[in-house]
Each structure stands twice: as C-alpha cells, then as structure tokens.
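Open your viewer, find the selection box, and get ready to type in some residue ranges. Shall we take a walk together?

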Amino acid sequence: MSLRYVARMLPRRAGLTIGPGPRRACAARTLTTTAPQRAGPGLGWSVLVGAAALSGVTGYYVAKQQTPVAQLSPPDIPTYGDREALKKAIEQLREVLPAEHVTIDEEELTEHGHSHWSYHNVGLPNVVVYPETTEQVSAIVKIASQWRIPVIPYSGGTSLEGHYTAPKGGICVDFAAHMGKVVAFHPEDMDIVVQPGIGWEALNEYLKPHGLFYPLDPGPGACIGGMIGTSCSGTNAVRYGTMKEWVLNITAVLADGTVLKTKQRSRKSAAGYDLTKLFIGAEGTLGLVTEATLKLAVLPQETTVAVCDFPTIRDAASVVPDVVRAGVQVGAVELLDEVMMKAVNLANPDLGYSAKPTLFFKFSGSKAQIDYEINAVKKLVQKHKGGKFRFAKTDKEKEELWEGRKVALWSSALLKPGCAIWTTDVCVPVSNLPDLIYETKQDLESSSLPCPMVGHVGDGNFHVFILFDRDDPNEFAEAKRLNGRLVERAIRLEGSCTGEHGVGVGKKAYLLDELGENTVQMMRTIKKALDPLGIMNPGKVIPDA
C-alpha cells in the first residue's frame, strides 16, 4: 500500500476554532494520486481510466439503462442531468462559492471517488466543492436538485465499503477542508456542537483539558460526518455503545436544499419521531449532515490493560459471553487469532507475545473498580484454559501490552508483502460468537490466502483481514468468496452483515437476507419520500430493485 494511503489514515491534527475560522485554500491540500487502481473483476484498468477521463465537464457519464426509464419510477432508476446540465450546475456553483472552492481537477476527482481501502470503487465525481457553512451546502444541493445532479458527501475518506464512490458521477461535497470546526461547547451539560469535518481524535485533543472525551474510536482519520453516516463504533463500543447513543441532534440539508434540525439539545425528548436516528447510518442518502450535537463522557480516573493467550480461538471466544453475563464493565475486549499474533511478532518481536489466540482487555474507572474487574476477568479466563494473565501496572507497561492491538492492521501486511487488504466486518449476538469464529476459522484454514482475525468481541463484532494480490483475478475471487461466506454465516447466526463499517456499495446486496423484503421496502419508501429525484448519494445502502 502506498505512503499516501497510510498517511490518510493518520490522525488529523488541524487546529480547532469556535465559530468561523480562517479560510483554508484548496490548493494547500497535498495531492499525490496519479491514476486509479484496478478495482477487480468487472472494473478493469481501461474502464477506470475511461471513467476518469469522462469525469470532467466535457464528458459527464450517464450509466446506460437496460430497462426503459418509463417503465420504472424514481428513485428505483432515476434519471440524471446530461452534460449540458452539469456545465450549467458548475457555473452556478462558482457563483455561490469562492472560485477556489470548486474544482474539476483530475487528481481531486480521483481522491474523492476512489479508495485503496475499498474494493467497491465504481465511479468518480465530476466536480468537488468545499463549502464553509450550512447555507452554502443548502445552495449546493438546490443547484443539484435543479439540474438532477447526484450529491455525494465526503469527510475523512476512510471508507471501506465504497460510501463516497460516485457510480453516477455528480457533485462531491468535501466537509473536511472548511467545515471541521467546533460551533459551540457546553461543558456544564457535557455536550458539544461540531461540524462534520472534525476528526474524532482532534475533537478529543480539544476536550482533554476539560476532563471530557468523545468515546467512539472507529480508527485513525475518521471524521464525525462519516461516523454519523455509517453509525460507527470501535474498540470502546462494549462499554460506551455506538454512534446512535452519542448524537443528541443533527442539522441536515435535505434533497431540495431545505435545512432541518432534528431536535433540541436536551438529553430526553418524546416529541414525535426520532429523526436524529433516521439520519445516523443513512450514509448521506437522505440528506447531508452539516452540524451535530454530541454527548460527552468524563475521562476515567485511571486506565489499564491486560493480555491473556489461549490454546484455541474457541477457548478465547468463549470467555466473552461469560464476561458480559458477569456484569464486568470492561472498556474493551479485543480478540487476535494466532495468525494475527504471528504478524504482530513479525512487526515487533520484542513485545514478547505468544503466537496464540489472544484476548486484549481494557479497564477504566477508579483504582478500586479496576482492581475488582481485573480479578473477576482473571478468574474467567482461567476457567477457559487461559495462559498467563498479564496486566499493566505502569503507563509504560500499558503502552507495551496494548501495542499488539494498536498495530494489528499494519502488522498483517507483513504476512504477504505488497498485498491488498480486504477488511471484513460482521456482528452477532455474543452467545453465538464462539460458533461464528470457530466456523469462520475452519473456512479460512482451507483457503490459500493468509487471513488474520481481529475483533471487538465484547459486543460480538469482529473483522478478518483477507490478504490478496489485487492484480490476480483468482485471488480477488477467493477474497470475495471468503467475505461472502462470512457475511452469510453471520446472518444465519442472527447477526448483521455490518457491525460498524456501514453498508455503502459493498454490503447492500445482503440487506434483503438480513432484514427481509418488507423492511427494505420501508427503507425504499422513506428514501423516495425524502429524495424523490434520487440524487442523494445514489447507489448506496438500499439494495437494487
């Protein structure tokens, strides 16, 4: 993987301001992308290069329809503006935004429509815009609605399921450049109002001096807008839950440019439908989030970590339901299989891990609470054949013990140098987790591809990193097969095809099996009511009709 894409996963360290901040010129953005990479079978190099060429003003791409549009009603197969409509839309965009905040530069289009971390790259936008305010976003969407041009939101660019790819071209709205500010901070109420382009890591740096933090931690580089769109969580979910529990309200721009605020700032409200949660997980298909009020948590007095290895992965997984039923308030429970631990040892042999299935625990709270929980967990791991139970007594030991979990993704690439990494994501009820992991492990052992496993198993969520050669069609097909079987297995065990990565393009085909026809049809009804022209991030979330 290139240094550019590693850099994009690193934390954003942009300064934060309350209220309007200085304008950051788009030209200051570092651009090193040269050409799109092949996205696998069905999207060969020539097709993607052609799509990149067509993505400019002179070549607006409209997908060919196999069925006459007259036989279908929007948004099942909506019709979009042609090349002339796009030209006029861009002219109007340059009237409502500063000239430097509207670009059709090929490198910018590629950066905003193609991801090395996703294998669902199906198109580039035609133009990228960089708004600064909700009012500007509203003006952008009104122009898009007038000319029937798709609108695609973009913030951190860490998508794994093709959330910001542009299958119909359109306008990419980048919130990271100028809409990453703190709008208002209420420490006495433990909430904060932010714009969607702010990164969760930068937000926590801002909050730390106040003894508060935002507990969701999906991964380096993620921004609040994308976190809301995908309903993310992360390693802390076993204790703090998911995005749905930590958003009090949002301000959104609807498909016709209308600005909507979902509720007031109070912690409780029984005033009608819960529209806030309607937008969480919608991935911009119902509207663009331009502000969000987030609940905050108090920074724990102390934190520490513990590590324990096991003879088999089933032994390790069986600990998790017992920990949950025992009521132990662990901060995180992470499982790394023996393949993942081998990779970690390759990355840093001095850490002294055993190449066995290993559980990583995080504890937080008062010293008395942590001591109680460590003793309780120690007894549970011994019950399931756990090896040496090591827990940190100093900050240095804490960093060293947790390092294996911290570097898991990067370490896995050492098992197949030069590989691509398909990061899977499923979730099941905790009681079904041992069966899911055991069956998945049997499937992976029969494959020719190295597939380390890591999971936030405290809430039944885990990932397999499938390592393959993106230029080898057979290896791509095998990676796709393994991912499909994992998803089908999770759904059979009463789980979900996506625990925290969202649906995007990659998971929408599984929603009928997971949710049923009636539920999916209700989603289509809501989509059609709020977005009758089908311009809001088309091709995402809802299965094709």
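This tour visits two sheets, three helix pairs and one aromatic pair, one stop after another. Please keep in mind throughout that you are looking at a predicted model.

**Stop 1: a sheet with mixed pairing**

Begin by selecting residues 102-103 and 151-154, which are strands β1 and β3. These two are the edge strands of an open sheet, and each pairs on one side only. Which order do the four strands of this sheet follow? Reading across, you meet β1, β2, β4 and β3, and the pairing is mixed.

Now add residues 171-174 to your selection to bring in β4. β3 and β4 run parallel and are joined by four bridges. To see one of the bridges up close, pick Y154, whose partner in β4 is D174.

**Stop 2: helices α3 and α5**

Next, select residues 83-96 for α3 and residues 134-147 for α5. Two packed helices are described by the angle between their axes and the distance between the axes. Here the angle is about 160° and the axes are 10 Å apart. Angles over 145 degrees count as roughly antiparallel, so α3 and α5 are roughly antiparallel to each other. α3 passes α5 in a right-handed crossing.

Show the side chains where the two helices meet. On the α3 side, look for A85, K88, A89, Q92, L93 and V96. Facing them from α5 are Q136, A139, I140, I143, Q146 and W147. Colour these residues by type and you will find eight nonpolar, three polar and one charged.

**Stop 3: the antiparallel sheet**

Select residues 182-186 and 259-261 to light up β5 and β9, the edge strands of the other sheet on our tour. This open sheet has five strands in the order β5-β6-β10-β8-β9, with antiparallel pairing. Neighbouring strands here are turned by 10° against each other on average, direction ignored.

Zoom in on residues 247-253 and 288-295, which are β8 and β10. How many bridges link β8 and β10? There are six, in the antiparallel sense. One residue to click on is N249, which has T293 of β10 as its bridge partner.

Before leaving, add residues 200-207. This is helix α6, which lies across β5, β6 and β10 and runs at about 135° to β6.

**Stop 4: helices α10 and α12**

Now select residues 313-325 and 367-383 for α10 and α12. Their axes are 9 Å apart, and the helices pack at an angle of about 140°. α10 passes α12 in a right-handed crossing. V319, D322 and V323 of α10 make the contact with L380, V381 and K383 of α12. Among these contact residues, four are nonpolar, two are charged and none is polar.

**Stop 5: two tryptophans**

Select W117 and W410 and show their rings. How is this aromatic pair arranged? The rings sit edge-to-face, 5.9 Å centre to centre, with 75° between the planes. W117 is in the loop between α4 and β2, while W410 belongs to helix α14, so the pair ties together parts that are 293 residues apart in sequence.

**Stop 6: helices α15 and α16**

For the last stop, select residues 433-445 and 473-492, which are α15 and α16. Their axes come within 10 Å and cross at roughly 160°, so α15 and α16 are roughly antiparallel. The crossing of α15 past α16 is right-handed.

Show the contact residues: α15 brings L436, E439, T440, D443 and L444. From α16 come R481, L482, R485, L486, R489, A490 and R492. What mix of residue types do you find in this contact? The residues divide into six charged, five nonpolar and one polar.

Note on methods. Residues are numbered from 1 along each chain as its sequence is written. This is a predicted model: local features need pLDDT of at least 70, side-chain atom pairs count only at pLDDT 80 or more; totals for chains, interfaces and linings use all residues. Side-chain values use heavy atoms; hydrogens and water are left out. Axes are lines fitted to C-alpha atoms, for helices over the stretch in contact, and angles run from 0 to 180 degrees between N-to-C directions. Angles under 35 degrees count as roughly parallel, over 145 as roughly antiparallel, 65 to 115 as roughly perpendicular and the rest as oblique. A crossing is left-handed if the near helix is turned anticlockwise from the far one by less than a right angle, and right-handed if clockwise. Contact means heavy atoms within 4.5 Å. Ala, Val, Leu, Ile, Met, Phe, Trp, Tyr, Cys and Pro count as nonpolar, Asp, Glu, Lys and Arg as charged, and the others, Gly among them, as polar. Two strands pair if DSSP finds at least two bridges between them. Rings of Phe, Tyr and Trp (its six-membered ring) pair if their centres lie within 6.5 Å; planes under 30 degrees apart count as stacked, over 60 as edge-to-face and the rest as tilted.
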